[in-house]
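User: I would like a close look at the charged side chains that pair with one another here, and at the parts of the chain that they join. Please explain each term as you go, since I am new to this.

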Amino acid sequence: QVQLVESGGGLVQVGGSLRLSCTISGRSFRSYAMGWFRQGPGKERDFVAGVSVSGDNKYYADSVEGRCTISRDDAKNTVSLQMNSLKPEDTAVYYCGAIAVGGSYSYIALLPREYNYWGQGTPVTVSS
């Protein structure tokens, strides 16, 4: 059984920073490409950032490009999302997802339906 556990969310003022982390257990972390998504109240789950199995390929949503950095630490089975210059529109529940990609070491999945596993989410609130 694969489990993902997010942490690091919270309340932050506009312009502040947060670092979200997601730890995966149960299977080899190196088998999965990872992604961060967010979902606001009454909204769909949207892609934020993704990193490939190899770690060399990263992709960001336009809304966070230049403000967020995704990274993975295979030794710790962890993927992180550093978020800077936070805005009120960044307020959402942030979810970590894992997708088994087989031999596609550079693949990044952009759609929620592609992911095999999800964490429970960690809330982020940006106050003005």
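Analyst: A salt bridge is a side-chain nitrogen of Lys or Arg within 4 Å of a carboxyl oxygen of Asp or Glu. The model is a predicted one, in which local features need pLDDT of at least 70 and side-chain atom pairs count only at pLDDT 80 or more, while totals for chains, interfaces and linings use all residues. Residues are numbered from 1 along each chain as its sequence is written, and side-chain values use heavy atoms, with hydrogens and water left out.

By the salt-bridge rule the count comes to three. Arginine 67 forms one of them with aspartate 90, and the closest N and O atoms of this pair are 2.8 Å apart. The two residues come from distant parts of the chain, 23 residues apart, with arginine 67 in the loop between strand 6 (58-60) and strand 7 (68-73) and aspartate 90 in the loop between strand 8 and strand 9. Strands here are DSSP runs of E with at least two residues, numbered from the N terminus, and helices would be runs of H or I with at least four.

Aspartate 90 also meets the side chain of arginine 38 in a salt bridge, again with 2.8 Å from N to O. Arginine 38 belongs to strand 4 (residues 32-39) while aspartate 90 is in the loop between strand 8 (78-83) and strand 9, so this pair ties together parts that lie 52 residues apart in sequence. Taken together, Arg38, Arg67 and Asp90 are linked in a network of salt bridges.

How buried or exposed are these charged residues? The terms rest on relative accessible area: buried means under 20%, exposed means over 50%, and partly exposed is in between, using a 1.4 Å probe and protein chains only. Aspartate 90 counts as buried because its relative accessibility is 1%. Arginine 38 is buried with a relative accessible area of 13%, and arginine 67 counts as buried at 11%.

A further salt bridge joins arginine 72 to aspartate 74, where the closest N and O atoms are 3.0 Å apart. Arginine 72 counts as buried at 16% relative accessibility, whereas aspartate 74 is partly exposed, with a relative accessible area of 23%.

Arginine 72 also leads to threonine 78, a residue in strand 8. Leaving aside neighbours within four places in sequence, threonine 78 is in contact (heavy atoms within 4.5 Å) with Ser21, Cys22, Thr23, Phe29, Ser71, Arg72 and Asp73. The side chain of threonine 78 reaches the backbone oxygen of lysine 76 at 2.8 Å, and threonine 78 is buried, with a relative accessible area of 13%.

Ser71, another of those contacts, brings in aspartate 56: these two are 15 residues apart in sequence and 9.6 Å apart in space, C-alpha to C-alpha. The place of aspartate 56 is in the loop between strand 5 (46-51) and strand 6, and at 71% relative accessibility aspartate 56 counts as exposed.

To return to the main question, aspartate 90 is the residue to look at with care, for it is paired with arginine 38 and with arginine 67, and it counts as buried at 1% relative accessibility.

Definitions and conventions
Polar contact = N/O pair within 3.5 Å; in protein donor to acceptor, adjacent residues only side chain to side chain.
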